[in-house]
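Subject: Structure handover

Hello,

Here is the structure we discussed, handed over for your own work. My notes on what was found follow below it.

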Amino acid sequence: MADTGRIGSGQGRAGDLVKGEPGSHGVAVFKESAWVLTLFCVAGGVVVGGLVTLLAEWLVRLSWAPLQGPARLLTSVPEPWQSVGSVGVGAGLGLMVGVVAVHESLSVRVSADRVVLGIRDSSQEFGRDRVGLVVRDGKQLVLLGPDGMEIAREKCGLPWTRLAAAFAAHGYRWADEDPYRDEFRRWVPGMPGLPDGADALLRARAAAREKDAGADDARELRGELSRLGVVVRDEKGRQYWRIPGQSS
């Protein structure tokens, strides 16, 4: 579902997702195909729409079941409009999910002198001297500075093997797991060892992560914690933290 385009001598190969800019050399570009991602979500929506119709027909045959009212309403629609409507609604919902997925998908541009991460209509650029290690942490791509400080963490659906090869080819250090993982401590309110203000930020971030629309706030608060020297990672709804250079 993800493709990679590699640019050499200023010319992009046929089928590359991103063409070379004038004078660009040795750039590896990774970006999920918007069409493939959207079509995948639409197809999934169509399948769900068909399953909803089958579920409704099964519910109305039971002597008692939840949602029998909506199920009877759906099955009362004559064919072919029942199937057309279910498939149409499913495809519409799938399209909405696909648009969001494309908006949230990560693109990565790697060259010998910089790394550029693009997401949510914005991009972050990191010079080579700022990137000490590139890490795969589960389903997230992490960039660490030379001092072990985390400078970027993004959810990644790109092909890990190709990413690792591209970073290595451009001279970046790569790790398949976070070498600092054992230094993380689970955060609980009021715990000692955090810099002044960090506990309040972690409280605010925990609250933001519980909201459906809190992703942007959680991202901003992660940045505020980074400025205090605190690295944060999430696992199973919990927050974990570490301070580079400080033993656990």
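**The C-terminal hairpin and its sheet**

Val232 has Trp241 in β13 as its bridge partner. Please keep in mind throughout that the model is predicted.

That pair belongs to a set of five bridges that join β12 to β13, the two strands running antiparallel. Another pair in the set brings Glu235 together with Arg238 of β13. The two strands make a hairpin with two residues between them. One residue to look at is Lys236, which sits in the loop between β12 and β13. Lys236 has a positive phi of about 55° although it is not a glycine. In general, most residues other than glycine have a negative phi. Lys236 is also exposed, with a relative accessible area of 72%.

β13 has a second partner: β11 and β13 pair in the antiparallel sense over two bridges. Here Arg185 stands opposite Trp241. The result is an open sheet of three strands in the order β11-β13-β12, with antiparallel pairing. β11 (185-186) and β12 are at the edges with a single partner strand each, so one side of each has no neighbour in the sheet. As for burial, β13 is mostly covered, with four of its five residues buried.

**Helix α5 over the hairpin**

α5 lies across β12 and β13 and runs at about 150° to β13. The helix covers residues 198-209, twelve in number, and reaches 16 Å from its first C-alpha to its last, close to the 16 Å expected at 1.5 Å a residue. Its buried residues are Ala198, Asp199, Leu201, Leu202, Arg205, Ala206 and Ala208. As a general point, an α-helix has 3.6 residues a turn, so residues three or four places apart point the same way. The buried residues of α5 pack against α6 (215-227), β12 (231-235) and β13 (238-242).

Which residues does Arg205 touch, leaving aside those up to four places away in sequence? The contacts are Ala218, Leu221, Arg222, Leu225, Val232, Asp234 and Gln239. Arg205 has a relative accessible area of 2%, and it counts as buried because that value is under the 20% cut-off. Val232, one of these contacts, is the residue whose bridge partner is Trp241.

**Strands β7, β8 and β9**

β8 (residues 140-144) pairs on two sides. Strand β7 (residues 133-137) and β8 pair in the antiparallel sense over five bridges, and β8 and β9 also pair in the antiparallel sense over five bridges. In the β7 pairing, Arg136 stands opposite Leu141; in the β9 pairing, Val142 stands opposite Arg153. Of the five residues of β8, four are buried, so-called mostly covered.

Both hairpins contain a glycine with a positive phi. Gly138 takes a value near 65° in the hairpin of β7 and β8, which has two residues between the strands. Gly148 takes a value near 90° in the hairpin of β8 and β9, which has five residues between the strands.

**The largest pocket**

The largest pocket has a volume of about 1200 Å³. It is lined by 43 residues, and those closest to its centre are Gln140, Arg153, Glu154, Lys155 and Arg219. Of these, Arg153 is the residue that faces Val142 in the β8 and β9 pairing. Elements that each supply at least two lining residues are α3 (81-104), β5 (114-119), β6 (122-127), β9 (150-155), α5, α6 and β12. The largest share, seven residues, comes from α6.

**Val46 and Ser86**

Val46 lies in helix α1 (residues 34-59). Is Val46 buried, exposed or partly exposed? Its relative accessible area is 30%, which makes Val46 partly exposed. The C-alpha atoms of Val46 and Ser86 are 7.9 Å apart, although 40 residues separate the two along the chain.

**Whole chain**

The chain has six helices and 13 strands. Of its 248 residues, 38% are buried. Among contacts between residues at least 6 apart in sequence, 54% join residues at least 24 apart.

Regards

Notes: Residues numbered from 1 in each chain as written. Predicted model: local features only at pLDDT ≥ 70, side-chain atom pairs only at ≥ 80, totals over all residues. Heavy atoms only, no water. Buried < 20%, exposed > 50% of the residue type's maximum accessible area, 1.4 Å probe, protein only. Expected span 1.5 Å × (residues − 1). Contact = heavy atoms within 4.5 Å. Pairing = 2+ DSSP bridges. Axes fitted to C-alpha atoms, helices over the stretch in contact; angles between N-to-C directions. 1 Å grid on protein atoms, 1.4 Å probe; cavity = no way out; pocket = protein on both sides within 12 Å on 5 of 7 lines; lining within 4 Å. Points joined across faces, edges and corners; volume = space filled by probe spheres on them.
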